[in-house]
Amino acid sequence: MVNSKNNSSTDSENSSGDVPDSKPSLYFEGEKVLAYHGPRIYEAKVQKAELRKNEWRYFVHYLGWNKNWDEWVGADRLMKHTEDNVLKQQALDKKQGMEKSTKSGRSAPAKPKSSADVKLDKEETKSNVPKGKKRKTDSGAEGNVSVEKLVKIQIPSTLKKQLVDDWEFIMHQNKLVKLPRSPTVDDILTKYLEYRSKKDGMMTDSVGEILNGIRCYFDKALPALLLYKKERQQYHEAVSDNVSPSSVYGAEHLLRLFVKLPELIAYAKIDEESLTKLQQKFLDFLKFLQKNQGTFFLSAYDGPKASEGNGKDKES
């Protein structure tokens, strides 16, 4: 499940009581609703309601899920919890061929684990799934995606260590990556395209399409899946509505995407032959990152101190 995640602590401090009543809210705090998330609909509860830029925004908690999946959504993502809408939810699940959760009678949400959490087993979780009390604990086996269908992306060992160091800097040392980064994700993708063009002797459309896909996945997934709670305040300060995360963040966060990509791609309708080619392209790109690891990645994080008030991701 992809989400934009919860906003900064500043957002939490704003109360809906301050908003003007010129534009009535469609939903009230504490109301049980149905929320769209990607291609699916989930049960949720409205925890906050705020009027921002003349549009109501709702902070929702997905029922049965760890609060680290709570997020701000617009009214277009929500529906009243009525019998008709529940039937719509069930029909949508059935259309996608999803198995119903035996506990709740609805399809188990396919929210994938945070890419940044992959190395947190010793302290945060017992398996490579999102932290918290999940109804299903088999990563990649939730919904209609089986482990067997996940494309395998082998991350080089030195980059795996980079992920561990990344977690250590943020979670233990309370240090953040200084933004904006240089090179940015956009810069790295451009450098890789130039590298492939020189190596192949020509500019290949397929490589360009894959890189555009990586950029799109990154921009969408970053606020939803690739940030620790301690990084959220920084995100909201660094990225505005007209700024793409790929023009602000760098290799550290891009690498987290490749941990999550198998599950994200699993929901795209791609034939097996194309998946194999895609897997090879991803591996080549990761080797490019590895080759330029000293240039693309920070050896130490010297950005602002992470806010202790945000807590650790394992808190539920």
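**Notebook: a helix crossing, a cavity and two buried residues**

I looked first at helix α4 (residues 185-200) and helix α8 (residues 272-291), whose axes come within 11 Å and cross at roughly 105°. The axes are lines fitted to C-alpha atoms, for helices over the stretch in contact, and the angles run from 0 to 180 degrees between N-to-C directions. I therefore noted α4 and α8 as roughly perpendicular to each other, a label given to angles of 65 to 115 degrees, with under 35 counting as roughly parallel, over 145 as roughly antiparallel and the rest as oblique. Helices here are DSSP runs of H or I with at least four residues, strands are runs of E with at least two, and both are numbered from the N terminus.

This is a predicted model, in which local features need pLDDT of at least 70 and side-chain atom pairs count only at pLDDT 80 or more, while totals for chains, interfaces and linings use all residues. Residues are numbered from 1 along each chain as its sequence is written, and side-chain values use heavy atoms, with hydrogens and water left out.

I then listed the contact between the two helices (heavy atoms within 4.5 Å). On α4 the contact is made by Ile188, Leu189, Lys191, Tyr192, Tyr195 and Arg196, and on α8 by Lys281, Asp284, Phe285, Phe288, Leu289 and Lys291.

Next I turned to cavities, meaning sets of points on a 1 Å grid over the protein atoms alone where a 1.4 Å probe fits but cannot get out, with lining residues having an atom within 4 Å of a point. A search of the whole structure gave three cavities of 30 Å³ or more. I followed the second largest, lined by Tyr192, Val207, Ile210, Leu211, Ile214, Lys281, Phe282 and Phe285. Helix α5 (205-225) gives the most to this lining, with four residues, and α5 and α8 each supply at least two.

I also checked His253, which lies in helix α7 (residues 251-266), and found this residue buried, with a relative accessible area of 1%. Buried means under 20% relative accessible area, exposed over 50% and partly exposed in between, with a 1.4 Å probe and protein chains only. Leaving aside neighbours within four places in sequence, His253 is in contact with Val177, Phe218, Leu222, Leu226, Leu227 and Glu231.

Last, I looked up Arg40 in strand β2 (residues 40-52), and Arg40 is buried too, with a relative accessible area of 2%. The C-alpha atoms of Arg40 and Gln89 are separated by 7.5 Å, although the two residues are 49 residues apart along the chain.

Conventions
1 Å grid on protein atoms, 1.4 Å probe; cavity = no way out; pocket = protein on both sides within 12 Å on 5 of 7 lines; lining within 4 Å. Points joined across faces, edges and corners; volume = space filled by probe spheres on them.
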